[in-house]
Structures are given as C-alpha cells and as structure tokens.
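Trainee: I've got a structure open and I'm a bit lost. Could you walk me through how to read it?

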Amino acid sequence: MGRDDAAEIVRQHVIDPEICIRCNTCEETCPVHAVTHDSRNYVVDPNICKTCGTCIAPCPTGAIDNWRQVEKFKPYSLDEQLSWDSLPSPVEFDGTVGAALPDDVERLTTEARAGQGGVAPAPWSAESPSVNICTPSNPAIATVTANFRLTDDNASSDIRHIILDLGNLPFPVLEGQSIGVIAPGADANGRPHHIRLYSVASPRDGEKPNHNNLSLTVKRVTEDHDGRKMRGVASNYLCDLRKGDPVTIVGPYGTTFLMPNHSGSSLLMICTGTGSAPMRAMTERRRRRRMLKEGGELMLFFGARGPGELPYFGPLTKLPRDFIDVNFAFSREPGKPKTYVQDLIRARATEVARLLQDDNCYIYVCGLKGMEDGIKDAFREVCMSNGMSWDALQPQLLAKGRFHAETY
Amino acid sequence: MSIDYSEKIPNNVDLAGDKALQRALEHWQPEFLSWWKDMGPEGSLNHDVYLRTAVSVEPGGWANFGYVKMPEYRWGIFLNPAEADRKIQFGDHKGEPAWQDVPGEHRGNLRRIIVTQGDTEPASVEQQRHLGLTAPSLYDLRNLFQVNVEEGRHLWAMVYLLHRYFGRDGREEAEALLERRSGDRDNPRILGAFNERTPDWLAFFMFTYFTDRDGKFQLSALAESGFDPLARTSKFMLTEEAHHMFVGESGVARIVQRTGEIMAREKTDDSAKIRSLGAIDLATVQRYLNFHYSVTLDLFGSDVSSNAATFYSSGLKGRFEESKQSDDHVLKNMTYPVLEVVDGKLIERQAPTLNALNERLRDDFIRDSVAGVGRWNRVISKTGVNFELKVPHKAFNRRIGPLAQIRVAPDGRVVSQAEWDANVHHWLPTPEDRAFVQTLMGRVVEPGKFANWIAAPAMGINKQPINFEYVRFS
C-alpha cells in the first residue's frame, strides 16, 4: 500500500494443497471464475480474484482460507501454484518495504475503497505516512482523556468525540489516516474481537496542538444497514469509555487518503455522519495554518438528518466563509423538503465544476456506502452541464491522486 | 431465497403455499424423527454437537455453526436457485425447456432414480450408527454426526420430490424409505454396498472417501437432469457431500500419517511390530482400500446398460460435467471402451457410448479416486516411509456385470478360483484384520486428545482450535 507501486505489498489468495480435497466447491461458487484446477491442484488466479470471500464458507476443509503477502507485481503465478505440494512459507517483508497489514485491516480497507472506482495514489505533496507501527501482536495502550456527545440529546444517533492520549508512544498520524481499535474480551466463539478502523478526527499535531494525542468520531451502532437491531461491539465499547480508561489500539493505517501540503492546494470534501472525521482533521490542519496565508480553498458538503445530528455543527458554523465554503444538507428537517449532499452539489454546479477541473484541488468522499451513487450521478450532471465528461474525468482524477473515497 | 425457519419444516420452496403437500410432509416428519431415534447415531440424542446448519442456499448462508441436539437439527428442503430459461442440455430433448413437472412417459424411471438415490441416505446413517461409541476424538465424533445429519437432510431432499411430484406412489415410496433397513435379510436397502457393515473407523473413512464419492458422481449426473427440481436439489446436496469426502480423505490421511510416523520412529515395516505399537499397518489399510473401492465400483451398475442409455436419451440423468463435454450431447453412433471376458480373459471392446454410460461415470470416479490416493501417498512419503497405496484393477472383486463371472487379482491378472482362494487374505480384509482394527477402537472424549492410531488434523472445524469441545455430553 505504499506510494511506490514496485514495493507495494498485497494479499494473495491461495489454496492449501495439503488440506484441499479437490471437491470443486470453490470453483463452482466463485462469482468471477477465479478458481481453476488441473489434475493436481485447485488454484486461484491472482489477476481475477477480487478477494470477495464468497468461496470461504462453502469450503468443507478450510484449505481455501489461506493468504500470502506478496509484492503486488510478483504474485505466485498459476503455474507455480499448480506445481505446489504444500504452501510456500510466508515471506517476511521488512518495514521499509511495507510491512504486512493485519487481515482485518486489509479486508476493511478493500471494502471501504470498493466505490472509489480504481486505485488512487496519495497527492504528490502529501506527507509520507507512518503505517503499522503497532500490530495486533504488539499493540499500543492509549488512555482516554475525554469522551463527550456531539449530537443533541434528542437526536436519533449518539455520536461521540473521544480523545486518546498516547503518552510517550511514537504513533504519528496524518489527517485521513485511521487507527484500529480492538475491543477487550472475545466473541461468541471465544475468539478475540476483530479490529475496527476509525478515521482520526484530529490533525497531525494532535487534538490539542503539540500534545501526543488524537481524537476519534464514533457513532454508537445500534442497528445494521438494514435497520435490524444489533449492537456494535467496538463502537459501544468506545462510546461507554470513561476518562482514564485504557484502550488497545493498532496502526496507524492508510497511505493514500491523505491531504496535499503544497501552497495553493484546495480541498473539496463530501461527507455524511461520522465520515466527517477526516474532513474535520484536514479542516483543522488548514485552520491552524491560516496565518501562513498558503492559499487554496476549502469547500465542504456535509449531510445529516438535521442540525442536531451533525457532529461538529457548532464549530463549523463559526468558521469564516472566506476560509471554508460549508454546505449543509438536512434530510429530515421538519417542514422542509429532504435535501441530500448530491442536491447541493448540483445547486453549486459552477463552483464544483471549477474545482473538478483545477489540478490543485483534491476531492474526498467519506460516509455511508449509500451516498456513493448519488454523488457520482451529481458529478456526472455537473460535468455534463459544464461541457465535461465525468466518465472520462474520473480515471484522470484517480491517476493524479485527486479523488479519494472511503465508504462503509 | 432465504430459508423460512419459522415453519415446522424449514424450506425455500414455499411449502406454505401448497397446504396438501405441507400436511403430507408434516405427517412424514414424525415418522422420520422416530426412525432417527431408532436407527440414528446410538446414544446421542442429548449430546450438544457443534454442527453447521444451512440458513440460506447462497454461499454465505449455508455454513452456520452452533451447538445443536441432533433430534432438533433443522432438517429441511433446500433447492439451489432456479436458473431462468434453463434448457435440457443432452439427449433427445436437448434444447427444450427444462421440465418443471414430471413428464408422464418418464415418470416410472424418474421415480426409480429418486428412490434409489434416496435409499442410500438413511442406509448410511444405519450403517454408521454404532461408530459414535468408539470415536477417536471429539473432533471426529462431531464430523461423524455432521455426516449423519446431512445424510438425513439428503433423505428429506428426495422425499420432498417424491411427495411433491409423484402423488400416492411417491408417498408410499417415502414410507418405504423409512422401513427398509441396512443389512436386513428380509427388507434390505436397495444397493449392495449399503448393506455392508461399517464396523470401525477405518471402514468409515474408506466409506466416506469412496462410497460418498460415488454419491458425488451420481449427484453430479443428476444435477444435469432435465427435470429441474431434481437438478436443483442435487446441486445443493453436492455442496454438503463435499464435507463427507473431506472426512474420508483427511481421516485416512491422518491414519497413514500416524502409521508412517511410528514406522519412521521405530525404523520398521513389520506389520506385527506396527500393530503391537497400536497403529494400523499399511498392508491392512491397503486391504480395506481394495474392499471399499471394489464394492463402490459396483454401485455404478452394469458396464453395458440399456437403462443408462434410456436415462440419458430421455434427459433424466446426464454425465459428470455434461456441460464441459465438447461432443454433441446426444452420443448416438459413438463408442466407448468396456471390459469383457472372452475365454476367461479380460479384453477391451467398444460398446455404444449410450449403453456404456455407467462405465464412463465409473471411469470418472476412478480418476478422482486415484488422485486422492496419490495425496495419501504424499503424506506417507513425507514421514520418510517408502510405501505406496494403490487402487486395485477395476475388474478386481466385482459382483455386478460380466466381471462378476471371473476372478481378477488387484494387478489385473485373471486368476483361477484356487489362486484367488490362496491369496484373497492378502487382497481383502480378513476377519483377523477386522478384529485387530476393532481392538484399537476405544473412545476418546477429552478435548484435543486423539487415539494413538490417528494423527491430529491440521486444523479445526470453522477455524476453531483442535482442542475445542466439538461435542458436549449431557
């Protein structure tokens, strides 16, 4: 996941030939036909496999659930895999090349990026990020120094601002990076809880400048995407923390969803709910440097059900208009028509089109998966009405590291 | 396509929309449970077993794990999703839309196919019912029970087809499926291999490796059927069948691994010495293999069969991987080699392909089986021991078809009755072999512990640790 593609380390899906019984279930199940076989082995084509995991549960042996860290452009070929009698030993990559990330982090990141439409490198002027300093086998313990509710008391969601102190621990984070939280205890099957990723809401010099701390924006999860009741283990754990409590964290993660640092660079930010965390971090970074008069502009589209549901609503409304152009979209305000971020993007088509065409403007989307299609449709219309083509533009934005989306 | 678990009979076939059928199956259900209590795994009714249960037929949904008491297992009726505009792929009706109902002219043959398949399912539960008392570990005990409940579910799958599509005849056949008994002199199961005993765990693993693999090939052929409900049922059964073959393949692999380790440690290949150290000598493993392999080959039926031709031409039963074959899928005027006995000798002759479809499926099975035996040999060679298991010649020890008339040694030589009698104790398990294996069969119930004659598996079920409590006794 480094910016130097030659050294990028990826997870390759492989099948253990010593455990596989060649029952053909995986080949039958794979939705993209990435599994194939000869008379000796069943193998996964690294050029086709989307690591979607559909084949995992049906495998009767567990042979299918194997992964190897490889350099992106040097995966094990089909011929190599077909010749195996046993899996090759895992290769250890040292940290300078890009150490192996935990499987949970790889999976969550892949899911979050699914709607981005392709791979985007970090902006050329982004600071080099530190990643994977603390691993599940060697995690960090942070201490809660504050935990307060951001949403109104009568709001439907409980969103919290949680500040973690890192003491003397070297744990540098950049705006747009995330950290992993491991809730204590075990799941119903007695296994440790999965890592959950949270974007950092504070800028690189800390929630409080020049303190080794960071903040998270956490929504208490009480239902799943389909509205069925469920209790999010990590989010409830975090929301219930009290000052002084220890928290096990890993990371930091993320090497591309980073802000540009050069003078005159602009940010177009679109978010809903807790997707505001990285936008707050970037905005705060710029606010603290305003007196340097580095130029560039900030434009924010922020969606929520109503003002009381919007984290950081108060502080945002107090920011001067000549610093940031804030556009709130409320979908459940009494007596007003439902408005979504895509509606406001259309309403501000001229300014948005100008920023899309500006090579110094970097675009960030973060929030619920459901927002992606609406935003892309809005971009498509904005482009069309300004004589451009979104479908032609988007690959260029990605190639230049100007378009970054993380949705969940 | 999720499965409705609020129903008495979980199903994804809208059973509630057909009240008469629902009533008929709800009437059959207690009879099934009563059969399970009488003939299912002995002494197991109150165990909490870590089983997988299907909650939908989509890949993510059919492997849900949790503790279940087996009589409360949610046996139900699950068909793979329908394929829109599916066409018959082979035979005289090739290209016509697949049948959603039973065509009148094929009714008798279809019923026969379904009953024959259905009869094997409760039969194997009956054959295996005493094994739980001698399981070499909790892990293996759980695997046995998983196989058993899924055989029970496969019976449900066939009974649904009988009830839904064959009226009164079908209901009577469904009753008879619960009345026949494996090995019963007066009312045996239909196919020979399903009346053999499965007296010990080596036999169980060989059975699940070879005989359940026959199931895989029969189901694969039925999954091609022009009768769409049978095809969809068989497809879903295949995903379950894979677990059974896993139990067999890994079970034998763990036995030969353990034996190989002991042979390497003690630097011996003396069967008596190996037995004295509490492991199963590889010669005995070979004899068990010869027996289960040859008995299973008979399950494919006569080498030349007009029934097989009829089933194919009428679109009822295809070949293994029919859609991957590059021929015309009608097979008229084509030939396929079969073995024949002429003047006491085995010769190969060409038979019409349509009539040789049993032989062809048998050959597909042989290829698949041989590959797995090769994997066992890799396990043995990894222990440093120089020994190769082999499948015997396909004419060895056959009881069905023209090959039943002659005696053939494992290497394919036709031998006299006298030579057979003098050597059969080298080729097939003797009463002494079986008695010895029986002496090893003691129950191990401490989590993470395994009987001396079998190695621990490489990994647990559903990523659980090997010392997980896969079965809780109460």
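Mentor: Sure. Let's start with a working idea: two residues are in contact if their C-beta atoms, placed from the backbone, lie within 7 Å. Keep in mind too that this is a predicted model.

Trainee: Okay, so which residues does A:Met299 touch, leaving aside its neighbours within four places in sequence?

Mentor: With those set aside, A:Met299 is in contact with A:Leu268, A:Asp325, A:Glu351 and A:Leu355. You'll find A:Met299 in strand 12 of chain A, which covers residues 298–304.

Trainee: Is A:Met299 buried or exposed?

Mentor: To decide, you count neighbours: 20 or more other C-beta atoms within 10 Å make a residue buried, and 12 or fewer make it exposed. A:Met299 has 21, so it is buried. There's also a nice lesson about sequence and space here: A:Met299 and A:Leu267 are 32 residues apart in sequence, yet their C-alpha atoms are 6.3 Å apart.

Trainee: What share of the contacts in chain A joins residues 24 or more positions apart?

Mentor: Taking contacts with a separation of 6 or more, it's 75% in chain A. For chain B, 70% of the contacts between residues at least 6 apart join residues at least 24 apart.

Trainee: And what are the two chains built from?

Mentor: Chain A has ten helices and 15 strands, while chain B has twelve helices and seven strands. Of the 408 residues of chain A, 38% count as buried; of the 474 residues of chain B, 49% do.

Trainee: How many residues are in contact where chain A and chain B meet?

Mentor: There are 16 residues of chain A in contact with 16 of chain B. On chain A's side, those residues divide into six nonpolar, seven polar and three charged.

Trainee: Let's take a helix. How do I check that its length makes sense?

Mentor: Allow 1.5 Å for each step along the helix, and count one step fewer than there are residues. Helix 4 of chain B (residues 167–179) has 13 residues, so it should span 18 Å, and its end C-alpha atoms are 19 Å apart, which agrees.

Trainee: Which residues of helix 4 of chain B are buried?

Mentor: They are B:Gly170, B:Glu173, B:Ala174 and B:Leu177. These residues cover an arc of only 105 degrees around the axis, so they sit on the same side of helix 4 of chain B. Over on the other side, B:Arg168, B:Glu172 and B:Glu179 are exposed.

Trainee: What do the buried residues of helix 4 of chain B pack against?

Mentor: Three other helices of chain B: helix 1 (19–39), helix 2 (107–127) and helix 3 (138–165).

Trainee: How do I read a nonpolar core?

Mentor: Think of a set of buried nonpolar residues linked through their C-beta atoms. The largest one here has 139 residues, and those with the most contacts inside it are B:Val159, B:Leu202, B:Met206, B:Ile255 and B:Val256. Helix 3 of chain B gives the largest share of this core, 16 residues. A second, separate core has 75 residues, including A:Ala112 and A:Val200.

Trainee: Can we zoom in on B:Ile255?

Mentor: Not counting residues up to four places away in sequence, B:Ile255 touches B:Leu202, B:Phe205, B:Ile280, B:Val285, B:Trp453 and B:Ile454.

Trainee: Now sheets. In what order do the strands lie in the open sheet of chain B?

Mentor: The order tells you who sits beside whom. This sheet has three strands in the order 2-1-7, with antiparallel pairing. Strand 2 (64–69) and strand 7 (471–472) are the edge strands, each pairing on one side only. Six bridges join strand 1 (residues 48–53) to strand 2 of chain B, and B:Tyr50 has B:Tyr67 in strand 2 as its bridge partner.

Trainee: What about unusual backbone geometry?

Mentor: Most residues other than glycine have a negative phi, and most peptide bonds are trans. Against that background, B:Asp343 has a positive phi of about 50 degrees. B:Asp343 lies in the loop between strand 3 (335–342) and strand 4 (345–352) of chain B. With 6 other C-beta atoms within 10 Å, B:Asp343 is exposed.

Trainee: Where is a cis peptide bond found?

Mentor: Look between A:Gly251 and A:Pro252, where omega is about -5 degrees. A:Pro252 belongs to strand 10 (residues 246–253) of chain A.

Methods:
Residues are numbered from 1 along each chain as its sequence is written. Chains are lettered from A and ligands numbered from 1 in the order in which they are written. This is a predicted model: local features need pLDDT of at least 70, side-chain atom pairs count only at pLDDT 80 or more; totals for chains, interfaces and linings use all residues. Ala, Val, Leu, Ile, Met, Phe, Trp, Tyr, Cys and Pro count as nonpolar, Asp, Glu, Lys and Arg as charged, and the others, Gly among them, as polar. Helices (H or I, at least four residues) and strands (E, at least two) are DSSP runs, numbered from the N terminus. The arc is that of the directions from the helix axis to the C-beta atoms. A nonpolar core is a set of buried Ala, Val, Leu, Ile, Met, Phe, Trp, Tyr and Cys residues joined through C-beta atoms within 7 Å. Two strands pair if DSSP finds at least two bridges between them.
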